[in-house]
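Visitor: Please show me the model and walk me through a helix pair and a strand.

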Amino acid sequence: MSKLDVVLGLQWGDEGKGKVVDVLTPGYKVIARFQGGPNAGHSLKFDGDGFVLHTVPSGIFRRDSMNIIGNGVVLDPVILMDEIKSIEEKAGDISGRLQISKRTQLILPTHRVLDAASEAAKGKSKIGSTLKGIGPAYMDKTGRNGLRVGDLLSKDFQKKYEALKLKHYGLLSQYDYSYDISEYESDWMRAVEEMKRFRFIDSEFVVNSYLDDDVPVLAEGAQGSMLDIDFGTYPFVTSSNTMAAGVCTGLGIAPSRVGKVMGIFKAYCTRVGSGPFPTELSDETGERLRQTGHEFGATTGRPRRCGWLDMPALKYAVMSSGVNELIMMKADVLNDFDVIKVATAYSIGGRIVDHFPYECDEVTPVYTEFKGWKKDICGVRDYDAFPQELKDYVSFIEKETRCPVRIISVGPDRKEIVLR
């Protein structure tokens, strides 16, 4: 029996999961998303074209792969069908290689309104929601009110939909917020019908059957470990479990069936939205990272907050997910820096700690400095050809995390990688 491998982000999202999954897909027959919703923005670049995927797994452009949207995902039919239309303009009909779990939760038009109304009411304490309805959809899931993809096949679907919409209207009456869902609701109903050309499956049985038959399966995470609903920088987090444990509940597999866990991180750090970010640089260096790294949200276009690599946070994410292989992205962004810094500990009230604490918004980073490599590495394809300064940087990360760095990305294209 095969074990399922996992790819997930180790920071605050935007680490480059889409590119990595696309690169790894030739080694797998099945790619499955296990959590998150259309707040994800997985960027891929190949053949001179760029794509941003929000719900569809990032293996979709590989014609011999099967892609599954798992039960742990929340799905907006409008966004999904718009995304599929864009994919099919490049890749042709994908209905034969995309399947959707019947247990996947649906994001209703009123979920989006609830999201916007709630965020507006928070004022200065807003969490930085993408306003896609993710949080309210997960709230309905845990509140046992939600609609699922399998409900689309029920003769009572319209009745269930209207009942949940009415409940949402009651919640919205508590806010001073004006809205009109009529146009989006019309698009939503049309998208629901279009979705039916895809197979709705009992994904827990399908995924386990693949593993029983020794078919290689790769689970694709969304967002990042530091946005995990339990272990992230709460309350400035997403609404799902982004760490490896989320694979089991998000796809319906046992912990014993998880194989290799591959964690992706940038050679520095970024964050979108509000919340603690210990190594954030609100200066010229931070802006330089932003511009050089094109750090603007793939889904929202919002400028990302930028800072140096945070080692306590990285080690925390590696520990929490049992990561056994690391993948470093955007090493090329640091090409021209004379000095590169890494936070190796925090100061909390005069006390030095080297772990990621509960009081993460009250810390001051303690930095270790490294000499920059001052060389364009974008054309490098062999690890031995890297400057010694970059090799030293990689070796330090491996020593601190006790985990090997297997892949280093040196540019946005799927070919711009170095495999070790």
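Guide: Buried means under 20% relative accessible area, exposed over 50%, partly exposed in between (1.4 Å probe, protein chains only). This is a predicted model: local features need pLDDT of at least 70, side-chain atom pairs pLDDT 80 or more, while totals for chains, interfaces and linings use all residues. Residues are numbered from 1 along each chain as its sequence is written, and side-chain values use heavy atoms, without hydrogens and water.

Visitor: Which residues point the other way from Glu325, Ile327 and Met329 in E15?

Guide: Strand E15 (a DSSP run of E, at least two residues, numbered from the N terminus) spans residues 325–329. Five of its five residues are buried. Glu325, Ile327 and Met329 share one direction; the other belongs to Leu326 and Met328.

Visitor: In E19, what is the bridge partner of Ile327?

Guide: Strands pair if DSSP finds at least two bridges between them. E15 and E19 (residues 405–409) run parallel, joined by three bridges. In E19, Ile327 is partnered by Ile407.

Visitor: In E15, what is the bridge partner of Met262?

Guide: E11 (residues 258–266) pairs with E15 in the parallel sense, over five bridges. Met262 has as its partner in E15 Glu325.

Visitor: Is H2 oblique or roughly parallel to H6, and why?

Guide: Helices are DSSP runs of H or I, at least four residues. The axes, lines fitted to C-alpha atoms over the stretch in contact, of H2 (residues 77–91) and H6 (residues 182–195) come within 8 Å and cross at roughly 60°. Under 35 degrees counts as roughly parallel, over 145 as roughly antiparallel, 65 to 115 as roughly perpendicular and the rest as oblique. Therefore H2 to H6 is oblique.

How values were computed:
Axes are lines fitted to C-alpha atoms, for helices over the stretch in contact, and angles run from 0 to 180 degrees between N-to-C directions.
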